[in-house]
Amino acid sequence: MVSVVSLVLMVVVVGLHTLIAAVMTRFFRLRLKTQWGYVLYALLLIPLVLFFSTLVFSGVLGIGVNLGSPAAALGVMIGMPLALGFTIDTLYVPPPEEFENLPESR
């Protein structure tokens, strides 16, 4: 039986993974000047970071519920936050090109 506490903690971890994916996507969009470079880096590096974070949260800390199979766990803990974070940054955050008229720093 799944307890309410473990379900809430799993939702918090998925939310944290979504935040990590969105911030890393934004970082790659700001640093890489190519059009598809940030997409490739996001699809290669973010799942790796989320995988190690999942190992820490579910293995060492024991947070989360038993989803039945490793594929379901990877889909919920890595795939869904990656898709949500990438979508949030790409669609809802203004592109870096719109911020060229920033004041000069001293």
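Reader: How does the lining of the second largest pocket divide by class?

Author: In this predicted model, the lining has 10 nonpolar, four polar and no charged residues. Asp, Glu, Lys and Arg are the residues that count as charged, so none of these is in the lining.

Reader: What makes up this pocket, and how much space lies in it?

Author: About 190 Å³ of space lies in the second largest pocket. Of its 14 lining residues, the closest to the centre are Thr54, Ser58, Ala73, Leu74 and Met77. Helices H2 and H3 each supply at least two residues of the lining.

Reader: Why are H1 and H2 called roughly antiparallel?

Author: Let's set the value against the cut-off. Helix H1 (residues 4-31) and helix H2 (residues 37-60) pack at an angle of about 150°, with their axes 10 Å apart. Angles over 145 degrees count as roughly antiparallel, and therefore H1 and H2 get that name. H1 passes H2 in a right-handed crossing.

Reader: Which residues make the contact between H1 and H2, and what are their classes?

Author: From H1 come Val13, Leu16, His17, Ile20, Ala21, Met24, Thr25, Phe28 and Arg29. H2 brings Tyr38, Tyr41, Ala42, Leu45, Ile46, Val49, Leu50, Ser53, Thr54 and Phe57. They divide into 14 nonpolar, four polar and one charged. Arg counts as charged, so the charged residue here is Arg29 of H1.

Reader: What is the relation of H2 to H3 called, and why?

Author: H2 and H3 pack at an angle of about 140°, with their axes 10 Å apart. That value is not over 145 degrees, and it lies outside the range of 65 to 115 for roughly perpendicular, so H2 is oblique to H3. H2 passes H3 in a right-handed crossing.

Reader: How do you know which residues of H2 and H3 meet?

Author: Contact means heavy atoms within 4.5 Å. By that test, H2 residues including Tyr38, Leu50, Phe51 and Thr54 meet H3 residues including Leu74, Met77, Pro81 and Phe86. By class, this contact has 14 nonpolar, two polar and no charged residues.

Reader: What makes H1 oblique to H3?

Author: Helix H3 covers residues 70-92, and H1 packs with H3 at an angle of about 45°, with their axes 7 Å apart. Roughly parallel needs an angle under 35 degrees, and roughly perpendicular starts at 65. The angle fits neither, so H1 is oblique to H3. H1 passes H3 in a right-handed crossing.

Reader: Which classes of residue are in the contact of H1 with H3?

Author: The residues divide into 13 nonpolar, five polar and three charged. Among those making the contact are Arg26 and Arg29 of H1 and Asp89 of H3. Arg and Asp count as charged, so these three belong to that class.

How values were computed
Residues are numbered from 1 along each chain as its sequence is written. This is a predicted model: local features need pLDDT of at least 70, side-chain atom pairs count only at pLDDT 80 or more; totals for chains, interfaces and linings use all residues. Side-chain values use heavy atoms; hydrogens and water are left out. Axes are lines fitted to C-alpha atoms, for helices over the stretch in contact, and angles run from 0 to 180 degrees between N-to-C directions. Helices (H or I, at least four residues) and strands (E, at least two) are DSSP runs, numbered from the N terminus. A crossing is left-handed if the near helix is turned anticlockwise from the far one by less than a right angle, and right-handed if clockwise. On a 1 Å grid over the protein atoms alone, a cavity is a set of points where a 1.4 Å probe fits but cannot get out, and a pocket is an open set with protein on both sides within 12 Å along at least five of seven lines; lining residues have an atom within 4 Å of a point. Grid points are joined across faces, edges and corners, and a volume is the space filled by probe spheres set on the points.
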